[in-house]
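Reader: I am new to this structure and would like a close look at a single part of it, described carefully and in connected prose. Please begin with the surroundings of the bound molecule and then move on to the strand you think best repays attention.

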Amino acid sequence: MCDSTSSIMKIKEKLGFIGGGNMAKAICEGINKKGLMDYSQVHVSGPHVENLTWWQDKGAHIYSQNGRVVENADVIFICVKPHVLPSAISNIYQTLSGPVKSKLFVSILAGIELDQLENVLSTLEDCARIIRVMPNTPIMIGQGFTVFCPGNKATLHDISLVKSILDTLGICRQVPESMINAIGAVSGSGPAYVYLIIEALADAGVKQGIPRPMAIEMAAKTTLGAAKMVLDTGKHTAALRDEVCSAGGTTITGIHALETGGVRAALFNAVESATKRAHELGQKRH
Ligand SMILES: NC(=O)C1=CN([C@@H]2O[C@H](COP(=O)(O)OP(=O)(O)OC[C@H]3O[C@@H](n4cnc5c(N)ncnc54)[C@H](O)[C@@H]3O)[C@@H](O)[C@H]2O)C=CC1
Ligand SMILES: O=C(O)[C@@H]1CCC=N1
């Protein structure tokens, strides 16, 4: 758990990452930037150890065998792509040097359900303790939105440990598992949608003669400011929009163009398609 004797609640557990890609780095950087752990507590594996130099340079322990992470860490984040899960897990079994007990697994895989995870891990431990998590990349800068759902065998201590870690990375909520695929389609994928919108808004400004660096800064800051208005004021988004749209003014003319372009329907379709895709990933229709 966390050490509350210092002013910062340091994580005492050793953290493991099976798969050292974008999300594993985002999680670790997020925690490290808060001063909650040191990279010497981190154990990471991947199929090509030469691709783990980023981790090595930070001071983490790196391995080409997933079993080494399971042996050395207390909390093991599974951070591979969903289709890689079976081979990543079988590599754990092949490379363990002895029986393993008392490990907590945290899966961030899109679409893969707790009972599937419990099944694949069942030969490792009779009662695999698992928590399913859906983060997003802004966790790297402490601005994430993460949800989690504990498996049946996860203890209250496991839940409080994982929640205390995720809480430091932004907003964190416990949800029923039935919601996770849809949440992943909104907040997990959401940064990509928003980057696309920021890029398009900036391009549109460039077309009107605004220099690109200013156009990008302006589009990003406007997105951030509008999001903060929603969160800080608690006002309905329609009310906030009304405050911008003068009668017969410029903004309502722009809104008309957006509605004609089907921007709302496009977002409905994006979230519906991404949710459906998460279910497909869970059903192994890769
Ligand atoms: N990228 C995102 O914004 C989000 C991703 N996720 C989930 O996080 C997971 C990881 O995604 P990313 O980090 O974006 O992917 P990534 O491709 O950046 O990282 C995956 C890592 O797994 C490693 N790997 C491949 N085979 C392996 C094996 N057999 N054993 C161990 N490691 C292996 C790869 O070398 C790579 O470093 C996915 O399951 C995804 O659904 C969840 C929420 C957000
Ligand atoms: O694109 C994906 O499948 C992952 C899950 C949520 C965000 N990225």
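Author: In this model, which is a predicted one, the residues around ligand 2 are Ala110, Gly184, Gly188 and Ser189. Sorted by character, the shell around ligand 2 has 1 nonpolar residue and 3 polar ones, with no charged residue among them. Two of the residues around ligand 2, Gly184 and Gly188, fall within helix H7, which spans residues 180-188. Helix H7 lies across strands E8 and E9, and runs at about 40° to E8.

That leads to strand E9, the part to be examined here. Strand E9 covers residues 144-150, and 7 of its 7 residues are buried, so the strand is largely enclosed by the rest of the structure. A residue is counted as buried here if 20 or more other C-beta atoms lie within 10 Å of its own. The side chains of E9 point in two directions: Gly144, Thr146, Phe148 and Pro150 go one way, while Phe145, Val147 and Cys149 go the other way, and the residues of both sets are buried.

Strand E9 has a partner on each side in the order of the sheet, E8 and E10. With E8, which consists of residues 129-134, E9 pairs in the antiparallel sense over 4 bridges, and one of the residue pairs across this border is Val133 with its bridge partner Phe148 in E9. With E10, made of residues 170-174, the pairing of E9 is parallel and extends over 5 bridges; here Thr146 stands opposite Cys172 in E10. Between these two parallel strands the chain passes through helix H6, residues 156-167, and E9, H6 and E10 together make a right-handed β-α-β unit.

Seen in its wider setting, E9 belongs to an open sheet of 8 strands with mixed pairing, in the order E5-E4-E3-E6-E7-E8-E9-E10. The edges of this sheet are formed by E5 (61-63) and E10, each of which has a single partner strand, so one side of each is left without a neighbour in the sheet. Neighbouring strands of the sheet are turned by 20° against each other on average, when direction is ignored. Helix H5, residues 114-121, packs on the sheet and touches E7, E8 and E9, and its direction makes about 140° with that of E8.

Further along the order of the sheet, strand E6 (residues 75-78) and strand E7 (residues 104-107) run parallel and are joined by 4 bridges, with Ser107 in E7 as the bridge partner of Ile78. Ile78 is also one of the residues touched by Ile18, which has contacts with Ser45, Asn66, Val69, Ile76, Cys79, Val80 and Ala88 as well, leaving aside residues up to four places away in sequence. Ile18 itself lies in strand E3, residues 15-18, and counts as buried because it has 28 C-beta neighbours inside 10 Å. Ile18 and Arg68 are 50 residues apart in sequence, yet their C-alpha atoms are 9.7 Å apart in space.

As background for this one part, the protein has 286 residues, of which buried residues make up 34%, and its secondary structure comes to 12 helices and 10 strands. Among its contacts between residues at least 6 apart in sequence, 68% join residues at least 24 apart. Taken along the principal axes, the C-alpha atoms fill a box of roughly 75 × 45 × 35 Å.

Conventions
Residues numbered from 1 in each chain as written. Chains lettered and ligands numbered in written order. Predicted model: local features only at pLDDT ≥ 70, side-chain atom pairs only at ≥ 80, totals over all residues. Near = placed C-beta within 6 Å. Nonpolar A, V, L, I, M, F, W, Y, C, P; charged D, E, K, R; others polar. Buried ≥ 20, exposed ≤ 12 C-beta atoms within 10 Å, placed from the backbone. Pairing = 2+ DSSP bridges. Right-handed = clockwise from strand over helix to strand, strands pointing away. Axes fitted to C-alpha atoms, helices over the stretch in contact; angles between N-to-C directions. Contact = placed C-beta atoms within 7 Å.
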